[in-house]
Amino acid sequence: MNLPPPCSDPRLTVAAGEPRTADEVESALDEQLDAVLSTRRTVTRIAAALAPLTRHEQDFVLHWVAVIARTNPEMAFQFAAAAPQALATLDSAAAEAWIIQAMDTYDREGLYLGSQVFKRSTEFAQLAGASTAAVTFEDVVHVLQLFVCGLSGRRMKLDAAAQAYTDTETLFLPPRIALSPDKNTNFLIYKIILTLLWAQSRFGTFNADLQTACDAYTDPQRALELLNYLETLRLEACVARALPGLAREMTQLRGDEQPDPRCLPLRAPTATVHDSISMLAGLYTDFTPPPCSYATTLQPLHAAATRRARLADEKNELQAALGRLLEEKEASGDHVSARPTSRFSLKLAAAPDQEGNAQYELSLDAEPVTPPENIKQLFDSILQDLGEIPDDYLVATGAGGYRKSKPVEQDPADVWKGVYHEEGAFFYNEWDHKRRHYRKNWCVLRELDVHPGSAGFTELTLKKYAPQVAQLKRTFELMRGEDRLLRRQQNGDDIDFDAVIAAYADMKSGMELTDRLLVKRHKSERDLAVMFMVDMSGSTKGWINDAEREALVMLCQALEVLGDRYAIYGFSGLTRKRCEIYRVKRFDEPYADMVKNRIAGIQPQDYTRMGVAIRHLTTLLNQVEARTKLLITLSDGKPDDYSDNYRGEYGIEDTRRALIEAHRSGIKPFCITIDHEAREYLPHMYGPVNWTLVDDVARLPLKVADIYRRLTT
């Protein structure tokens, strides 16, 4: 790991490598934490605790205090207070992971819970101790996501958190595991923790009110920890029946440890969470759960809130889906009945299958019905939560019923309010180069259509540039008709004289004469998909905006001749909560009047938050099958936003990271800019050859098409 550079303060005269005194550390902290200090709250005691550390450790702490303070000074204060104790048990790499975990928690859940991570450095050290065999969440998340997709039940998301738990929709895993000196064992612990969290949701842990059950005891937290141990025993038995191979590995990790004989009934196939709650009373006073390398936690309040929201949605979805199924039956003549008397019923088998999947039979007015896949998935999810499908869930709604895919009377501007963001927005990570880590789900992005502009703009542009458009069309027609000469072919149109001469020489030397002596003309197939990303920030107002729109008109005219697949999207933003992508032309849309009017309607908006736009358009471009994929940005300046510290180095580094992600996924990024200062930052972002400067705005429409031709030939 590359440690941060020493903290520089012109008032400090400490020799290199010599630890700072308490007064010198206090002076540096006072400057960084001034916003949260007062006459009653000082950093004197913190500085005294940091003074005995080595200069190397002091530099590490002061560097991160400065980094964290730019996000929240109070979090920086809490870190400084916890750092001396943490550095006694964590090496630099583990300490950095601890800091990142705290800041991720702050980003996601606020100041209080973020501060709690700093206060629990000992717990973090136990799980993520210093080791070259350590495995991080970022290292294994892609593999684990594939693994969880193979498990039965509802689809689950993955995320990192200070403690391992699930809210029944997301599995939260530790950010780093180094419990074993063997890397494979640490990965196995990740896999087992994930499986047990999945099992909590799959096998009914939250089908009871766990919080109320534990609140009945004098120490609810102890009761919850004991209940978690009992549920883990029950779930291990469930996993053994569903995944015997993984269960054997869990047994090896546990070693010779045997559960208390009083707990053995929880291993029966018929055991439920209610049996665990009943057993809790007999063990509460005299039993302490043994430590476990793959320990999880129960978070009943998180799970209950998520479960309530899901059940309400799924009830409405199921009723609407049954309504559509009934309409289809009546329309096809398979079922003739007045709607008020039509009734669905569901018969459950006595026991689920080996993996815990419920067996059932759906009927409509006593006649068996085969439910479509979406209804099966809803049944499976509701049965996981309730163990049954209540009768009121089986009431079909009519055409006015619930439709999750069609938001009702919602304003796109309200994307961050309530739960609307789940329907109206996309969430993307953002790279914080100071933390050297992603801010999880930091940016909220919406797709909007460009409001159509003047219908005559396209015709005026084509008239203005008529000679140039004609030349472009001729150039692109030649590109479309290019043939490739294939040499040394068995069948062809002409003799390959080079091959004949080589064959004659081979024959004279005693070698066998080849039959590949012909040439064949082969028309090249252009397998391209190109995404144009157009800057719609406020700085493009005026002449620049006109040039962008004219360039797109001319480019589209030429591309229609060439036949390449292409899409056009604009981008702008106003803080991380209001990032916007403007649809001009999708890949599957023809270049018709609507697209032409959208090009005419492109207008300057807000700021230039580029990283999130690149990530979203990369996602869209990767959904297209093509041998060559290009992401061409048309911009007038560097990444910028008026808040969240996006202006300057932060925005440049986030954009660079997004471009690296795009390149790794097989996309070739390129930038066309009119910013005369581009040489200062574009080579760092795009690489030395993947950008070009158009130094005269008036030449932009002509240069864009010419650059495209050079990029694709």
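These questions and answers concern strand pairing, salt bridges and burial in a predicted model.

Reader: Which residue in β4 is the bridge partner of T166?

Author: Strand β3 (residues 165–166) pairs with β4 in the antiparallel sense, over two bridges. Three residues lie between the strands of this hairpin, and T168 has a positive phi near 85° there. The partner of T166 in β4 is L171.

Reader: Which residue of β4 stands opposite K157?

Author: Strand β2 (residues 157–160) and β4 pair in the parallel sense, with four bridges. The residue opposite K157 is T170.

Reader: Are the residues on the two faces of strand β4 buried or exposed?

Author: In a regular strand, side chains alternate between the two faces of the sheet. In β4 (residues 170–173), T170 and F172 lie on one side, with L171 and L173 on the other. Both faces are covered, and these four residues are buried.

Reader: How many residues apart are E430 and R609?

Author: The side chains of E430 and R609 form a salt bridge, at 3.0 Å from N to O. E430 is in strand β9 (residues 426–432), while R609 is in the loop between α21 (593–600) and α22 (610–621). Both residues are buried. Their separation along the chain is 179 residues.

Reader: Does R615, in its salt bridge with E661, count as buried or exposed?

Author: The closest N and O atoms of E661 and R615 are 3.0 Å apart. The pair links helix α23 (residues 649–664), which holds E661, to helix α22, which holds R615. E661 has 24% relative accessibility and so counts as partly exposed. Buried means under 20%; at 7%, R615 is therefore buried.

Key. Residues are numbered from 1 along each chain as its sequence is written. This is a predicted model: local features need pLDDT of at least 70, side-chain atom pairs count only at pLDDT 80 or more; totals for chains, interfaces and linings use all residues. Side-chain values use heavy atoms; hydrogens and water are left out. Buried means under 20% relative accessible area, exposed over 50%, partly exposed in between (1.4 Å probe, protein chains only). Two strands pair if DSSP finds at least two bridges between them. A salt bridge is a side-chain nitrogen of Lys or Arg within 4 Å of a carboxyl oxygen of Asp or Glu.
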